[in-house]
Amino acid sequence: MKIFGKIVDDQTHCIHYRTDVDVIAIKFKCCLRYYPCHLCHEEEADHQAQTWPRNQWPEPAILCGVCKCEMSIHAYLATTSCPNCSARFNERCGAHAHLYFQAPDAAGAAPASQSRQ
């Protein structure tokens, strides 16, 4: 799986986010390319990012940088670690979820765990 952006190692750490728990890449809806973060996409893509609509959250769009397991957005938002290798994911970046995923409507509750970035 090709990861785009300014990657610093084989676990999808980038120049912007590289703590032990910054180990995912997100497939951006607009170009269907994996980037480690919104800043990498912003710096390298020739277009604006689009968010994943809620009805497409079952699509595989998250890649664990440790084991390369691909998971759906639903699965990712429902956990704090990889379901395959148990690598911990960054929970503190929920403030950036709106850059990747369409906000749930009033009827749908936001997942307890949000996006990495």
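1. A good place to start is I24, whose bridge partner in β3 is C64. Strands β1 and β3 pair in the antiparallel sense, with three bridges between them. Here strands (E, at least two residues) and helices (H or I, at least four) are DSSP runs, numbered from the N terminus, and two strands pair if DSSP finds at least two bridges between them.

2. A word on what you are looking at. This is a predicted model, in which local features need pLDDT of at least 70 and side-chain atom pairs count only at pLDDT 80 or more, while totals for chains, interfaces and linings use all residues. Residues are numbered from 1 along each chain as its sequence is written, and side-chain values use heavy atoms, with hydrogens and water left out.

3. Now the whole sheet. Four strands form an open sheet in the order β2-β1-β3-β4, with antiparallel pairing. At its edges are β2 (34–35) and β4 (70–72), each of which pairs on one side only. In general, strands of a sheet pair through backbone hydrogen bonds, either parallel or antiparallel.

4. Next, follow β3 into β4. Strand β3 covers residues 60–64, and three bridges join β3 to β4 in antiparallel fashion. L63 has E70 as its bridge partner, and I62 stands opposite M71. The two strands form a hairpin with five residues between them; in the turn, K68 has a positive phi of about 70°. Strand β3 is mostly covered, as four of its five residues are buried. Buried means under 20% relative accessible area, exposed means over 50%, and partly exposed is in between (1.4 Å probe, protein chains only).

5. S72 deserves a look of its own. This residue sits in strand β4 and counts as buried because its relative accessibility is 17%. A polar atom of the S72 side chain lies 2.9 Å from the backbone nitrogen of A75. Leaving out residues up to four places away in sequence, S72 touches W57, P58, E59, P60, A61 and I62. Contact here means heavy atoms within 4.5 Å.

6. What does the largest nonpolar core look like, and which residues have the most contacts inside it? This core has 27 residues, and Y76, F89 and F101 are those with the most contacts inside it. Strands β1 (24–27) and β3 and helix α2 (73–77) each supply at least two of the core residues. A nonpolar core is a set of buried Ala, Val, Leu, Ile, Met, Phe, Trp, Tyr and Cys residues joined through side-chain atoms within 4.5 Å. With neighbours within four places in sequence set aside, F89 is in contact with ten residues' worth of surroundings that include V21, V23, I24, C64, M71 and Y76.

7. How many salt bridges are there? The count is two, where a salt bridge is a side-chain nitrogen of Lys or Arg within 4 Å of a carboxyl oxygen of Asp or Glu. One is between E43 and K6, with the closest N and O atoms 3.0 Å apart. E43 lies in helix α1 (residues 38–44) and K6 in the segment before β1, so this pair ties together parts that are 37 residues apart in sequence. E43 is partly exposed at 44% relative accessibility, and K6 is partly exposed at 34%.

8. K27 and E70 also meet in a salt bridge, at 3.8 Å from N to O. K27 is in strand β1 and E70 in strand β4, so the pair ties together parts that are 43 residues apart in sequence. K27 is buried at 17% relative accessibility, whereas E70 is partly exposed at 33%.

9. Finally, the rings. The whole structure holds six aromatic pairs. Rings of Phe, Tyr and Trp (its six-membered ring) pair if their centres lie within 6.5 Å; planes under 30 degrees apart count as stacked, over 60 as edge-to-face and the rest as tilted. F4 and Y35 form a tilted pair, 5.8 Å centre to centre with 40° between the planes. F4 lies in the segment before β1 and Y35 in strand β2, so the pair ties together parts that are 31 residues apart in sequence. F28 and Y35 are edge-to-face, 5.5 Å centre to centre with 90° between the planes. F28 is buried at 2% relative accessible area, and Y35 is buried at 1%. Ring pairs link F4, F28, Y35, W57, Y100 and F101 into a cluster.

Key:
Polar contact = N/O pair within 3.5 Å; in protein donor to acceptor, adjacent residues only side chain to side chain.
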